[in-house]
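Here's a quick tour for anyone opening this one up for the first time. Take a look at the picture, then read on.

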Amino acid sequence: MTISYELSSNIRRNSRIILVTAFILAIIFCVNASLSAYLLRQNSIDNHSEELSNLTVILAEHTAQTIFLANTALNSIMDTIQLERISTEKAFREFATSKKRFELLKDRTQSNSVLDVSTFVADDGKVLNFSRSFPAPDINLADRDYFKYLSANNDQFTYCSLPVRNKGNGKWVFYLAKRVNGLNNQFLGLVLVGFQQRSFPLYMSVLVKI
């Protein structure tokens, strides 16, 4: 009876040890699994963050280069106005509406790979001439952000617009604009260049996939 009782006690004790050990191992397994999942997730987040950061830098550099090239073309058109010493609204209209100026705008646009259009705009917002066709169609830009700002502010810096749907062909375009002044800083109109940021959809598709 004593041997039987001791054997029974040993079996119960061993069973408890096995159960406790199994429970501890299960906890260790769960902790390891959770830790591994966390580390994998954190590594994935870190990798995606680095990829997004790299894409952001590339996109910023590309956009800066595009704006630089567009602004260079805009300044070259402004130089032709300054060489003519235009001082009145009438003189600017006569200058801007000629076939010769259409050829100028067309040449500047075609020789610059980023440009979509170049435009002369009157002081009332009317398009006087642009690079797509001659004579220019009946388009008024007085409602655009660049026209509202530059017509009201004697600012000689380049104004960069929000993307807008072009009234000539319906495409989304960014515009750079400069104010044209006459005597006593009278507002005569604008010189305008537009460019489509064709690379944005590619970068955005990459960002969405990540």
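Two strands count as paired if DSSP finds at least two bridges between them. Strands (E, at least two residues) and helices (H or I, at least four) are DSSP runs, numbered from the N terminus. This is a predicted model, where local features need pLDDT of at least 70, side-chain atom pairs count only at pLDDT 80 or more, and totals for chains, interfaces and linings use all residues. Residues are numbered from 1 along each chain as its sequence is written, and side-chain values use heavy atoms, with hydrogens and water left out.

**Strand E6 and its partners**
- E6 covers residues 187-195, and 9 of its 9 residues are buried (under 20% relative accessible area; exposed is over 50%, partly exposed in between, with a 1.4 Å probe and protein chains only).
- Strand E5 (residues 172-181) runs antiparallel to E6, joined by 8 bridges; Phe174 has Phe195 as its bridge partner in E6.
- The E5 and E6 hairpin has 5 residues between its strands, and there Asn184 takes a positive phi near 55 degrees.
- E6 also pairs with strand E1 (residues 117-122), antiparallel again, over 6 bridges; Phe120 is matched with Val191 in E6.

**Helix H3**
- H3 (residues 99-110) has 12 residues, which should span 16 Å at 1.5 Å a residue (the expected span is 1.5 Å times one less than the number of residues), and its end C-alpha atoms are indeed 16 Å apart.
- Arg101, Phe102, Leu104, Leu105 and Thr109 are the buried ones in H3.
- Seen down the axis of H3, its buried residues fall within an arc of 160 degrees, so they line one face of the helix; the arc is that of the directions from the helix axis to the C-beta atoms.
- Lys100 and Gln110, on the other side of H3, are exposed.
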